[in-house]
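Q: Please take a close look at one helix-helix packing in this model and set it in the context of its chain.

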Amino acid sequence: MKRVILYFFLVAVSGVISCDKKLDLKNPQSIDASDAFSTGDKLKKVLIGNYASLGSSSLFGGDVLWMSELMASNGELNWVGTFQEPRQIWSKLILTNNGYAASTYSQAYYVIYNSNNIIANINVVETSEQAEVAAEAKFLRAMAYFELIKYFGEKPYFAGNASSLKGVPLITSPGPAAPQDAYYLLPRASVEDVYQQIIADLKDAEVNLPATNDFYANKPSASLALARVYLQQEKFAEARDAANRCISVASTNGFSLVNNYADAFNNDVNTTEDLFAMQVTDQAGSNSCFTFFSTFTYGARNGDIEVTDVHYNKYNVSDARRGLFFSENGAWHCGKWRDIYKNVKVMRLAEAYLTRAECNVRLSTSIGDTPDNDVNKIRSRAGLPGLAGATLNQILNERELELAFEGQGLWDAKRLRQNIDGKTWDDNKLTFPIPLRERNINPSLEQNPGYN
Amino acid sequence: MRIVTLFLLAGMLLSLSKGWSQTKTVTGKVTDGSGTPIAGVSVLIKGTSIGMVTGSDGTYSLILPKGLTSLIFSSIGYEDQEVDVTSSPLNISLSHTTKSLNEVIVTGYGTQVKREVTSVISRVKGSDVQNMPVADLSQTLQGRAAGVFVEARSGKIGEEIKIRIRGTSSINGSNEPLYVVDGVPLVGGLYGTATSDINFDDIESFDILKDASAAAIYGSRAANGVILITTKRGKAGKTKFTVSSQYGIQNPTHKRGFLSAAEYIDLYREAATNTAKYHYNRGGNWMGFSSEADAIANMIRWIEGRFTRYSGYSDWRKVQTNTNWEDLAFNDNARLGNIEISAQGGTEKNKFYLSAGYSNQDGILIANNFKRYSLRFNMDNQVNNWLKLGLNMGLGKTVRQRVADDNEFSSPIEMVALAPITPPRDQNGEYYTTPTTTYYSALNELDNAENHAKSYRNQGNIYAESRLTNGLILRNELGLDLVNQSDERFWGSRTEWGAGTGGFAWAQWFRNTRWVTNNFLNYVTEIKSKHKIDATLGMSFENRYDEYAYVQGENFADESIRTLAGAGKITGGSSTHEENNLVSYFARVNYGFNMKYLLSLNARMDGYSGLGSNYKYGTFPSVSAGWIMSDENFMQNIKWLSFLKLRASYGTVGNNTGVGFYDSKAQYGSVRYGSSGAGLGITNFANDDLRWEKVTTADIGFEFGLLKNRIVGEFSWYNKKTTDMLLQVPTPSPSGTTSILANIGQMGNKGIEVSLTSTNISTRDFKWTTNFNIAKNKNEVLKLDGEQKEILPSNVRYTNAIIVGKPFGVFYSVKYAGVDPDNGDPIYYMQDGKTTTNVYGDAGKFIIGDPNPDWIGGISNRISWKGFELNILFQGVFGNQVSDAGGIFYSANCDWFDNQTRDQLKRWQKKGDKTDVPELRINRWGDFESPSMSSRYVYDASYVRLKDLTFAYNLPSTLTKKIKLSNARLYISGVNLLTITRYPGWDPEVNTDTNSSNLRQGLDFYAAPQIKSIVFGLSIGL
């Protein structure tokens, strides 16, 4: 009997020894990386994943919108929340370890990483679809680079000498598998080079994207993105033409301004006016504009960003856009971001009309339509009387009110050479510092002037 | 009712025992082992205070009263002896006290006599800790074992307890010891510690394996030491019942104190005026005020508007409200109670131990509670002369009513931020919330939210022990640790999280199943009574399977329906499962020559599924040797030295907890986008070289006994070095990720440990023993990825850094230079350490504190006089700092509307004022920097604490016999009654649960103070 037990024990031991495969277990929640680019279908899933990456709160899930507005506050917005890092952005006293700046920087490169992989593996997609799938990846990459260059570039493009201004590291194809590889210790490319990359990607996207594409990137959104880039370069003719292409493709493919201004916001499904919006549901996506602009009543933090009378009083009393503000805690709050789980508007058709109008006036042209017609489309929807012979200032004023707090604040203020809270447009403190963590790893990354 | 039954039962048993019926004289002589008479031995008739002391010839004579039959002999340096008087004369031989040396120590897959142990093992007896009114058994070890650092994060009850044995050895892996209960490793769950599921009245002993030689038998999981928990087992004999119960109250160790309403109004008005002046004169006046007076008027209007908003219905101008929000965070005299019943006994063939326990403890924080229900059944059956079978089975349920993390406004302590001018409730009796309260008031959670977590644990094993030949024993164990946890939460629409969603609920379930089988042979033999060999060879296989599911929903039809069944909309859900396997082989040989020269070899080989393909198996060897010098002839003349053993050990153990189940493979997981988009995204980057961390320890020490072992002690010096330490190596963002896990770092811990036990007085009635332990540990980060010398804090609040050559987690931030006496600005040191600046961003960065203690220790005194007993345990931690990250809000010279700590009254007010508190300014316009983390908020957190004070009375057996009990004990006991510290915050024993990690230590952020409790208890035996 004792012997039997001993044998039993020995058999049990050897039984386990032979089970080496017990040490090779597979994660039930994921697939191997090599598998992710093995077929076109899987690659397209990675592309969808990259939209979610672009919609991270650190990028177009809100941060790049409210950070621009907060920095451009000029007495029209107050940060009253407890978080100190947004406060730094608002007061333009940003420390190099600011977490929002660091996350935006990293997240943008994550989008770029994914796009680079998609583009490099595009051969697994059916030939007929390759150009379009690659165009989507390029659109996402351009969107990420554009935010990077605006926030972290040494000076705006229009400051001149873009070839000698420090931009951000440029990477357009997959590098070594090991992320710690020295290959990734890239120096800053020039502002010019980064803009060239963005323009090349957006041009490709504009050509190859379909006119409509559910809530994914489409032709008119690529055109409008291009128009934004040209505005930063102060290339008004190119901006005008891109805006014009945007409007003509959009209006022949079912896009149009919604009738009521308020209906353009707080939607969980894109409106006819939304050329591109980050999708937010109660289960996916995030909207940090809601988090900070809205109030406790609607499930947000408690109105961390307040709108002051200085801004509120800029609207005519009968302006529908004024009616969108709501008052709580004794302050105004921006109603565009009032409700929970709503899409983050990235590009609305209204902007294209305003860009075309502005450029036409600047260039004394009427490509597409007259500036009056374009601007009055916007005004009449807001319940305001039409303008005749609209001046540049009138159009810019309309642009400011129409697009208020949608993320264009800082970029428009800078290119229009406006002072912000006593600082001139080219003040060092109106640019973000290169994040401390990046410079700790990569000493070849030079810091922006005004920071150490 | 149960107690009455027990009484009756006891009465029956007692009536069966026979007693003597006449008085009797008993005489005799007491000698030592060599026949020499011992004078001064106390001879006591058991159950009475009648006794005498032996004369110089060692003789005694006593008259035994009717019915009493036992004598107790005791003398310093000798073992007590209890003898039943059967005849007279009764001569007694007392043996020298070597009790602690002959103790049997549990070593993992075996046992060993303390005297022969060549590794470092600390033992804490269950009986020493079982009446402590704390929730988690690991808390009871605080101050009791040398080099074992125990810290409760805060006074929240039932939450994680941190234990560090000989310092921190890992950055990304766990630093907690491995707990093994009766041979089965304990696993954690979603929350709390596994140890909180165990009723510590059931524990016989804790054996803490500290050095590599002791721990190597647990291989790749032993790097942080191993705590072996042995539960109580039955002894043959009459069935003994024990009933014990305690009730008590608890309060916070300390309240911090905030501004009163009148002070708040004064200070914020002052801040408003200062801010206006600053804006007008120094801030550029971009608001365009026409004069300083204009600016002041504007600010005062604004701040008074805020006062009005924050005062609700009451009038702040009349100071109608003065709310102490700090007081509202706490329960006054929170209650605790518990009751345990156990029975043990059996025959030589069948022995059993049964117990049931119930514990119910309210937290000191409002809406915080911990309950534990436990059952245990341990059984041994001697089948025949070679086979023994047994069972250990513990069943437990814990129920926690939890509070939110420290950084949530819904955490009660966060209410200190609210203005004292705000009434807690409106005139309808509803709790105020924003905008009347400055921030969300946690009181709204009381009726409108739920946070319940339940944990069920089924832990135990069955075994068969076969004596195959003489000295050869095979033991087979099959064990299971099954943990089921659920966590259900609800937030009504009045709460912070439920607002905007019509009520929000969340439920998660977690199940962790660990099967383990241990099979090992043990062979003991003696050759020519010179060579003693004790060898163990075995294998083990473990499978761990984790399952997790959650669902969330919102928009509740009626807020009294708070389960997800009441949700109008399900807004999320997921389920996952994962598993790992561990295959192990282990061996140990203990060899003793003449029982003076001792050697021990240990090794374990572990194969672990979670590791990279290049490193599936690891081997962890160790060696130790000892020399019992006091047994050598040349030592025999040193009379005062009764025992001396030198020992040394060296070995390597591992830590595999830093690698997740599947971390070594590059993987893509699913990503949701939009209403239906299912995408893929990279979730992990590949690393085939991922492996366990290695900890190599050298240990040299000695054990000694002085004055006939009246004083026994131990000394150890160790040098512990972690290599292949896992690090999240930061990577440049263009690589696609911001960090990658790699086995690249090194860390060192060096230290000494001293423990002493002294029998100061031991007379018939009066006994006094002292236990003392102290340990010093010095931690040093030795290497990061080679080129990199530091990983600096990226977080602005929590500034722990990893810097080569410095202790792990030092605070690295700006050094505060106080206040500029000219203008009241806060100033900071520049990098030169001499000049100062008022621009925070320009200031230098320095090491401004260290969360690692230098010394930890404890001293306990146990004094008994007749039936009275007094136990006093002091515990101390020395040389560490705490960074009070909440200071940037509540000790912030009125930077925002958060109520301020009272030290802010010392603010700078006029030119020439010398103070550390800057001019009060409220940051309305962003003209100046708000306070950021600096040495201003870093404090010395050394403390000495009266950890345990127990005063007990054991009823004399003459009395207990009358009421038919075998013993009865009444006691009053206090935990944390006194804390001596210079830390100005709530409590120096703190580590906020917000983003807590190995690195984020020594941080305070609205963490609750520790619990101070007083309990009354009663324990009776039948």
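A: The account below turns from the chain to the helix pair.

This is a predicted model, in which local features need pLDDT of at least 70, side-chain atom pairs count only at pLDDT 80 or more, and totals for chains, interfaces and linings use all residues. Residues are numbered from 1 along each chain as its sequence is written, while chains are lettered from A and ligands numbered from 1 in the order in which they are written.

Chain A contains 17 helices and seven strands (DSSP runs numbered from the N terminus: H or I of at least four residues for helices, E of at least two for strands). Of its 452 residues, 54% are buried, that is, with 20 or more other C-beta atoms, placed from the backbone, within 10 Å of their own. The C-alpha trace of chain A spans about 105 × 50 × 45 Å along its principal axes.

Within this chain, helix 7 (residues 127–152) and helix 8 (residues 191–208) pack with axes 8 Å apart, at an angle of about 150 degrees; axes are lines fitted to C-alpha atoms over the stretch in contact, and angles run from 0 to 180 degrees between N-to-C directions. In contact here (C-beta atoms, placed from the backbone, within 7 Å) are residues of helix 7 of chain A including Ala135(A), Phe139(A), Ala142(A) and Phe146(A), and residues of helix 8 of chain A including Val194(A), Ile198(A), Leu202(A) and Ala205(A). The residues of this contact comprise 13 nonpolar, two polar and five charged, where Ala, Val, Leu, Ile, Met, Phe, Trp, Tyr, Cys and Pro count as nonpolar, Asp, Glu, Lys and Arg as charged, and the others, Gly among them, as polar.

For the model as a whole, ipTM is 0.93 and pTM is 0.82.

Technical notes. Buried ≥ 20, exposed ≤ 12 C-beta atoms within 10 Å, placed from the backbone. Contact = placed C-beta atoms within 7 Å.
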